[in-house]
Amino acid sequence: MPIRGLALQSLLLAVLVTWPALLHPTTDILGSPKGDAVKHVWNLWWMHHELWQGEWGLRTTVINFPAGLDLYPIEIANGLVTAWWPLPPVLTANLLAVVHVALTGLCTGFLAWRVSQTALSAHVAGAVAQGCAFTAFTLHAGVGELRQ
């Protein structure tokens, strides 16, 4: 399996599918303004903030100040990884979107190769997965855990 070719294709298609997010990666959130993207970016910020400056656990005083409240992280897998990144939350969310879409193509292509043992099927399956309606929906909705 020529993994380099599939990886390159997946990365290029991820950039194409998420375009033009990479033109303004720190200011424009990928997703519809009517979707959940802002809420998910805030969740990434909140998990990072709580790790470095807040209380440990689900209790936060950032909301309902000064009493605070218990808050459940909605994007826990991404939050646990990115809480350690020293990047701004919008950039983090946009990079995650590109990585998720690239991994969708790479993993789907690898599965197709395992089934068919042909590079062509790997490339076609990866490209179809990256360009399908569900991938577009997850980007449009701005819900990071759906892209995983």
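Reader: How many disulfides does the structure hold, and what makes a pair of cysteines a disulfide?
Author: The structure holds 0 disulfides. The term calls for a pair of cysteine sulfur atoms within 2.5 Å. C107 is in none, as the nearest cysteine sulfur, that of C132, is 14 Å away. At 14 Å from C107, C132 is likewise in no disulfide, because the cut-off is 2.5 Å.

Reader: What kind of model is this, and how are residues numbered?
Author: This is a predicted model, in which local features need pLDDT of at least 70 and side-chain atom pairs count only at pLDDT 80 or more, while totals for chains, interfaces and linings use all residues. Residues are numbered from 1 along each chain as its sequence is written, and side-chain values use heavy atoms, with hydrogens and water left out.

Reader: Why is C132 called partly exposed?
Author: The relative accessibility of C132 is 28%. Buried means under 20% relative accessible area, exposed means over 50%, and partly exposed lies in between (1.4 Å probe, protein chains only). C132 therefore counts as partly exposed. Q117 falls in that class too, with a relative accessible area of 48%.

Reader: What else marks Q117?
Author: Phi of Q117 is near 60°, a positive value in a residue other than glycine. Q117 sits in the loop between α4 and α5 (119-131).

Reader: How many helices and strands are there, and what makes a run of residues count as one?
Author: The protein has 7 helices and 2 strands. Both are DSSP runs numbered from the N terminus: helices are H or I with at least four residues, strands are E with at least two. The order from the N terminus is α-α-β-β-α-α-α-α-α.

Reader: How do you know that the length of α1 agrees with its residue count?
Author: The expected span is 1.5 Å times one less than the number of residues. Helix α1 (residues 3-17) has 15 residues, so 21 Å is expected. Its end C-alpha atoms are 21 Å apart, which agrees.

Reader: Why are the buried residues of α1 said to line one face?
Author: The buried residues are L6, Q9, S10 and A14. Seen down the axis, they fall within an arc of 135°, so they line one face of the helix. That arc is taken from the directions between the helix axis and the C-beta atoms. The face turned away from the buried side carries the exposed residues R4, L8, L12 and L16.

Reader: What makes a space in this structure a cavity, and how many are there?
Author: A cavity is a set of points, on a 1 Å grid over the protein atoms alone, where a 1.4 Å probe fits but cannot get out. The search finds 1 cavity of 30 Å³ or more. About 100 Å³ of space lies in the largest cavity. Its volume is the space filled by probe spheres set on the points, which are joined across faces, edges and corners.

Reader: Which residues line the largest cavity?
Author: There are 14 lining residues, and the closest to the centre are L30, V41, A93, G142 and R147. A lining residue has an atom within 4 Å of a point. α2 (37-52), α4 (89-116) and α7 (144-147) each give two or more residues.

Reader: Where are the cis peptide bonds at P20 and P66?
Author: One joins W19 and P20, with omega about 5°. P20 is in the loop between α1 and α2. F65 and P66 are also joined by a cis peptide bond, with omega about 5°. P66 lies in the loop between β1 (59-60) and β2 (69-70).

Key:
1 Å grid on protein atoms, 1.4 Å probe; cavity = no way out; pocket = protein on both sides within 12 Å on 5 of 7 lines; lining within 4 Å.
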